[in-house]
Amino acid sequence: MQKGDFSKDFVEKIAQDEPQWMRERRLEAYALYESLPMPHTTEDDIWRRTVDMRTQDYWRRTRRHLRGFAVENYHPAIGLNGDTSVEVPKDSEDAAGVILQLDGQHQHTSLSAELEKQDVYFADLNTALKERDELLRDYFMTKAVTLETTLKSGNIATRNKFDALHGAFWQGGYVLYVPKGVRVGVPLRVYIRLAEEQHADLSHILVIAEENSEVVILEDNSSMNQEAGGLHSGAVEIFAGQNANVTYVQVQNWNRQVWNFASHRAVVSKDAHLCWVTATFGGRLNKLNQAIVLEGNGANAQMLGLAFTDARQHLDVSTAQEHVSPHTSSDLLYRTVLKDRSQTAWGGNIYVYPAANYTDAYQKNDNLLLSERAHADTLPGLEIQAHEVRCTHGATAGKIDTDQVFYLMSRGLTYAQAEKLIVDGFFEPVMERVPMESVREELQEFVSRKLET
Amino acid sequence: MCNDLIIQDLHVSVQGNPIIKGLNLTVKQGEVHALMGPNGSGKSTLAKGLMGHPFYEVDSGEVIFNGIDVLELEPNERAKLGLFLAFQYPTAIPGVSLANFLRIAASAVRSAETNGSENNELIPMREFRKELRAKMTQLGVDDSFARRYLNDGFSGGEMKRAEILQLAMLEPKIAILDETDSGLDIDAVRIVGESVSSLVGPELGVLIITHYPRLLDYIRPQFVHILLDGRIVESGGWELTQVLEAEGYDPMREKYGIAETVQENTI
Ligand SMILES: Nc1ncnc2c1ncn2[C@@H]1O[C@H](COP(=O)(O)OP(=O)(O)OP(=O)(O)O)[C@@H](O)[C@H]1O
Ligand SMILES: [Mg+2]
């Protein structure tokens with residue numbers, strides 16, 4: 001195993017056995033990483049809500065959160081001794097394919113013979129770089145998550161230091177390629193784990209679903225060691241080809257020591273459908289950029305977000321729904337429950353291009369505060385350049401309702417039972433749109449655990 | 001009898017305003033009492049105070065139920081002892097189905113532990129469903145109710161029927177019905193009236209808060225009490241409702257020296 005640091009030398013080391021084009025991309029990303037200052041939470045508008053929002057005292061604001069973060073404290077690594085004792089979780093048994101990764105190092109891949117026969121490609125990204133050079137060259141950080149963003153929404157940084165860091169040092173992650181017309185009826189499962197103290201996970205995820213294909217991916221990000229400090233700087237790129245049907249579910253449950261920075265982007269082609277579920281439970285500080293680009297006529301996407309924060313967790317999410325073409329539709333519903341002194345900020349933007357008439361775009365963010373000291377900021381936004389558009393947006397934040405609690409307790413429920421029922425009910429509009437029973441159950445389980453601690 | 005609800009010199013205030021000002025009342029298991037009084041006289045305040053709503057502050061007095069001073073107990077502990085309140089304005093709980101909620105509630109009040117600690121043991125699903133379906137049929141409640149979210153988008157009448165369904169499922173010893181008849185059409189008043197009277201028996205005592213004697217046609221109270229300005233000023237039998245019907249509250253206000261302007265209309 002070679003533990004490294006975020007230096008140019010280490011970029012060279014990582015890239016030494018990689019194709020020349022990848023080496024160049026890494027170095028380009030590194031140059032950008034070096035040139036960009038660490039995001040400043042008072043001067044940089046986009047990062048303004050990535051800190052403690054309760055105080056207007058700027059000095060204290062910067063002291064909290066990002067100020068406590070230093071990239072030097074974390075380490076990327078290559079050739080980590082795979083701790084092969086890590087078992088593939090039981091719930092993967094009926095999956096059509098499984099990938100397990102630990103500390104950025106690939107541990108296990110399986111794919112059903114049937115899918116292999118249909119030329120479905122499913123592999124960790126380092127292996128894919130050797131086996132599918134062309135494919136990666138085409139898609140890797142070129143069309144979705146790019147160093148210089150092509151997004152129009154102003155709430156997502158044009159150039160992001162963490163995307164650059166990721167581009168330079170990425171390790172692990174996976175590629176899923178579903179060829180034209182292949183319909184994968186059974187979900188694929190991915191487990192991404194952090195274990196080592198002060199380790200950095202830099203997984204890159206690439207899902208490419210070709211024309212008329214169909215696939216479901218369930219991805220689970222979590223910590224093996226609840227105490228170990230860590231960093232995640234990740235990227236997700238999803239391509240739903242013409243008339244494809246893609247469901248991508250990511251459950252994030254890093255431990256409370258992990259700094260989590262991620263850029264997630266999906267490009268949805270003509271008549272394609274994307275169902276995207278993002279569930280956030282873990283992390284110390286989370287800064288997530290999530291965008292969908294509805295590129296082809298008739299493209300449709302659902303963005304479902306479910307988050308539950310506690311202790312001093314901080315979750316900052318920026319979403320963008322970009323409608324490039326006519327007859328596209330998107331529907332975002334993010335619901336967050338906050339406990340203790342946790343804080344969340346959600347800023348959403350719908351951007352409708354001039355040509356994108358007959359667009360339907362919806363956006364809703366609701367927050368339920370279980371404690372007096374929790375804090376939620378919510379900022380919906382619209383930018384509409386076309387004429388024939390149906391858009392709605394809305395946001396709410398409210399404390400748990402005393403009358404609701406009283407009503408339930410008057411029927412014999414304890415406070416904890418009443419609170420749980422109200423929380424479950426609050427998440428229900430998201431849950432009922434989550435496509436699979438097993439996923440709903442898993443999410444329910446996480447919610448219950450959050451309430452118990 | 002230990003299952004009596006005994007209220008002695010009760011004082012309840014809301015946001016610092018005294019509303020219930022020295023109220024005495026005993027409801028025994030098996031008895032039917034009616035409580036009538038003008039808008040704003042404190043009927044719902046009494047009901048919520050008895051059930052333990054945190055905004056309704058009990059300043060002094062005693063409430064003994066099952067031989068226990070319940071004022072120290074949480075609402076769920078009171079429910080477990082067998083106290084039930086059918087709300088004048090039931091609260092909507094979006095996303096929570098009536099069936100799911102009722103299963104947890106019924107399991108909680110029936111569990112053996114009496115200390116109010118959490119009981120995660122639920123009544124087996126099949127058993128619960130069977131019982132729920134039977135009671136729904138009995139009360140003429142539509143099947144679809146079970147799957148609907150609790151009081152969410154229910155019509156006024158549907159809410160009241162759902163309250164009675166809960167009463168039937170939770171099998172309390174003393175039930176307070178706070179204007180369960182208002183907002184109901186004539187047929188619904190009959191259905192609610194008949195279902196409540198079918199539940200009334202030696203095991204159940206009720207305190208019916210109402211403005212209309214119509215409901216009382218179906219459930220004849222043995223006792224009728226008049227609440228004016230936070231106190232029960234008169235108690236009697238059925239004939240008292242007739243007096244009210246004929247004369248209204250004014251003669252009584254005059255008799256007890258209570259100005260009408262004190263009352264605030266809450267509707
Ligand atoms: N939560 C509350 N906040 C403020 N004032 C309240 C609250 N609840 C009750 N009150 C006040 O207490 C008084 C009594 O109200 P209550 O609801 O008990 O009357 P009621 O007899 O039930 O009337 P109605 O026949 O209209 O239902 C009223 O003046 C009312 O405004
Ligand atoms: Mg009332």
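Leu304(A) stands opposite Leu333(A) in strand 18 of chain A. This is one position in a pairing of strand 16 (residues 300-309) with strand 18 (residues 329-338) of chain A, which run parallel over 10 bridges. Two strands are said to pair if DSSP finds at least two bridges between them, and helices (H or I, at least four residues) and strands (E, at least two) are DSSP runs numbered from the N terminus. Strands of a sheet pair through backbone hydrogen bonds, either parallel or antiparallel.

The model is predicted: local features need pLDDT of at least 70 and side-chain atom pairs count only at pLDDT 80 or more, while totals for chains, interfaces and linings use all residues. Residues are numbered from 1 along each chain as its sequence is written, with chains lettered from A and ligands numbered from 1 in the order in which they are written.

Strands 16 and 18 belong to an open sheet of 10 strands in chain A, with the order 4-3-7-10-12-14-16-18-20-23 and mixed pairing. Strand 4 (105-111) and strand 23 (389-399) of chain A form its edges, each pairing on one side only. From one strand to the next the twist averages 5°.

Two helices of chain A lie across strands of this sheet. Helix 9 of chain A lies across strand 16, strand 18 and strand 20 (359-369) of chain A, and runs at about 165° to strand 18 of chain A. Helix 10 (residues 437-452) of chain A lies across strand 10 (214-223), strand 12 (245-253), strand 14 (273-280) and strand 16 of chain A, at about 20° to strand 12 of chain A. For these angles, axes are lines fitted to C-alpha atoms, for helices over the stretch in contact, and angles run from 0 to 180 degrees between N-to-C directions.

Strand 13 (residues 258-268) of chain A has 11 of its 11 residues buried, where buried means that 20 or more other C-beta atoms lie within 10 Å of a residue's own; exposed means 12 or fewer, partly exposed is in between, and C-beta atoms are placed from the backbone. Both faces of strand 13 of chain A are covered, with residues including Asn260(A) and His264(A) on one side and residues including Trp259(A) and Arg265(A) on the other. Strand 11 (residues 230-240) of chain A runs parallel to strand 13 of chain A and is joined to it by 11 bridges; the bridge partner of Gly230(A) is Val258(A) in strand 13. Strand 13 of chain A also pairs with strand 15 (residues 285-294) of chain A, in the parallel sense over 10 bridges. In that strand 15, Asn289(A) stands opposite Ser263(A).

His375(A) lies in strand 21 (residues 375-379) of chain A. His375(A) counts as partly exposed because 19 other C-beta atoms lie within 10 Å. Its C-alpha atom is separated by 36 Å from that of Ala240(A), 135 residues apart along the chain.

The contact between the chains takes 21 residues from chain A and 26 residues from chain B; two residues are in contact if their C-beta atoms, placed from the backbone, lie within 7 Å. Helix 8 (402-409) and helix 9 (415-431) of chain A each supply at least two residues of the side of chain A that touches chain B. The largest share of that side, 9 residues, comes from helix 9 of chain A. The residues of this side of chain A divide into 10 nonpolar, 7 polar and 4 charged. Here Ala, Val, Leu, Ile, Met, Phe, Trp, Tyr, Cys and Pro count as nonpolar, Asp, Glu, Lys and Arg as charged, and the others, Gly among them, as polar.

Chain B comes to 9 helices and 10 strands. Its C-alpha trace spans about 60 × 40 × 35 Å along the principal axes, and 44% of its 267 residues count as buried. Among contacts in chain B between residues at least 6 apart in sequence, 70% join residues at least 24 apart.

Helix 1 (residues 43-51) of chain B has 9 of its 9 residues buried, among them Lys43(B) and Lys48(B). Just after helix 1 of chain B, Gly52(B) takes a positive phi of about 95°.
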